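Reader: Hello! I am new to protein structures and would like to learn how to read one. Could you guide me through it?

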Amino acid sequence: MRFIDTHIHLDASEFDEDREMVIQRAIQAGACKMFIPAIDLPTTQAIIPLCRQYPQLLYPMAGLHPEEVRDDYHEVLQQIKACLPGLYIAIGEVGLDFYWSREFENQQLEAFECQVQWACDLGMPLMIHCRKAQNELVGILRKYKARLHGGVFHCFTGNLTEARQLLEFDGFALGIGGVLTFKKSKLPEVVQQIPLSRIVVETDAPYMAPVPMRGKRNESSFLTNVIQQLAVCYDVDVDTVATTTTNNALTIFSLAG
């Protein structure tokens with residue numbers, strides 16, 4: 001089995017004590033590439049040295065995460081943009097998140113739209129985070145629909161209507177991770193009605209570990225559990241899921257196999 005983890009925060013402090021072992025376990029499990037999204041200016045800069053240590057395996061993204069948006073977002077975005085395009089394969093992790101608070105709602109909306117414009121202008125895909133904000137997010141994306149260069153709707157856990165609304169945007173896939181394996185998850189029923197050609201797999205590590213590791217620190221090697229569950233959903237073998245989702249990711253991010 002050969003797969004791509006399209007979303008892992010490998011630079012997170014949770015991996016400081018055994019990052020090399022995590023990478024080696026991922027490789028042994030079948031990971032051929034691992035994509036690392038930034039969440040702010042420090043991580044946008046910090047993930048580059050890490051990715052340079054593992055060329056052809058680790059790939060960086062640059063962006064300002066919605067939960068990191070504050071009143072100084074204009075200045076932060078200018079500094080992040082100065083890093084582009086460089087080695088980055090996408091603009092991300094960006095988006096909208098009104099789950100905890102709407103304190104910086106307008107700033108989030110403006111910051112997201114600005115980064116969508118970057119993606120259009122630079123011909124780069126987007127890694128999009130959306131929580132309790134799909135209507136607002138779709139409204140912004142529709143303004144740029146003809147200019148978008150694809151991407152991933154990260155950590156998708158919504159219903160079929162939401163999935164279909166997001167997949168109206170050509171070149172985008174749903175990022176499916178550990179939630180698919182949770183006992184009470186409705187996601188398997190939704191996924192069964194979405195073409196496998198519109199799916200990529202991800203961990204969001206160190207968060208969202210799949211069953212039977214739920215509650216533990218997540219890592220790329222655990223992604224085999226998600227792939228196995230997808231194989232059940234689509235009634236195909238795991239190699240078909242791994243190969244198809246890998247090819248989907250390579251296409252979206254314009255990478256060679």
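Reader: Is the crossing of H3 and H4 right-handed or left-handed?

Author: Good place to begin, and keep in mind that this is a predicted model. The crossing of H3 and H4 is right-handed. Helix H3 covers residues 73-81 and helix H4 covers residues 105-122; their axes come within 11 Å and cross at roughly 20°. Angles under 35 degrees count as roughly parallel, and H3 and H4 are therefore roughly parallel to each other.

Reader: Which residues in H3 meet H4?

Author: From H3 come Tyr73, His74, Leu77, Ile80 and Lys81. On the H4 side they meet Gln107, Glu110, Ala111, Cys114, Gln115 and Trp118. Sorted by character, the residues of this contact between H3 and H4 are 6 nonpolar, 3 polar and 2 charged.

Reader: Now the sheet, please. In what order do the strands lie, and is the pairing parallel or antiparallel?

Author: The general idea comes first: strands of a sheet pair through backbone hydrogen bonds, either parallel or antiparallel. Here, 5 strands make an open sheet, ordered E4-E5-E6-E7-E8, with parallel pairing. At the edges are strand E4 (91-97) and strand E8 (199-201), each of which pairs on one side only. From one strand to the next, the twist averages 30°.

Reader: Over how many bridges do E5 and E6 pair?

Author: Strand E5 (residues 126-131) and strand E6 (residues 151-153) pair over 3 bridges, in the parallel sense. To find the spot, look for Met127, which stands opposite Val152 in E6.

Reader: Which strands does helix H5 touch?

Author: Helix H5 (residues 134-143) packs on the sheet and touches E4, E5 and E6, with its direction at about 150° to that of E5. Helix H8 (residues 223-234) also packs on the sheet, touching strand E7 (172-176) and E8; the direction of H8 makes about 150° with that of E8.

Reader: How many aromatic pairs does the structure hold?

Author: It holds 5 aromatic pairs. A pair of aromatic rings is described by the distance of the centres and the angle of the planes. Take Phe35 and Tyr59: their ring centres are 5.8 Å apart and their planes are at 85°, so the pair is edge-to-face. This pair links distant parts of the chain, since Phe35 is in strand E2 (residues 31-36) and Tyr59 in strand E3 (residues 58-60), 24 residues apart.

Reader: And the loops: where does Pro85 lie?

Author: Pro85 lies in the loop between H3 and E4. The peptide bond from Leu84 to Pro85 is cis, with omega near -10°.

Terms used:
Residues are numbered from 1 along each chain as its sequence is written. This is a predicted model: local features need pLDDT of at least 70, side-chain atom pairs count only at pLDDT 80 or more; totals for chains, interfaces and linings use all residues. Side-chain values use heavy atoms; hydrogens and water are left out. Axes are lines fitted to C-alpha atoms, for helices over the stretch in contact, and angles run from 0 to 180 degrees between N-to-C directions. Helices (H or I, at least four residues) and strands (E, at least two) are DSSP runs, numbered from the N terminus. Angles under 35 degrees count as roughly parallel, over 145 as roughly antiparallel, 65 to 115 as roughly perpendicular and the rest as oblique. A crossing is left-handed if the near helix is turned anticlockwise from the far one by less than a right angle, and right-handed if clockwise. Contact means heavy atoms within 4.5 Å. Ala, Val, Leu, Ile, Met, Phe, Trp, Tyr, Cys and Pro count as nonpolar, Asp, Glu, Lys and Arg as charged, and the others, Gly among them, as polar. Two strands pair if DSSP finds at least two bridges between them. Rings of Phe, Tyr and Trp (its six-membered ring) pair if their centres lie within 6.5 Å; planes under 30 degrees apart count as stacked, over 60 as edge-to-face and the rest as tilted.
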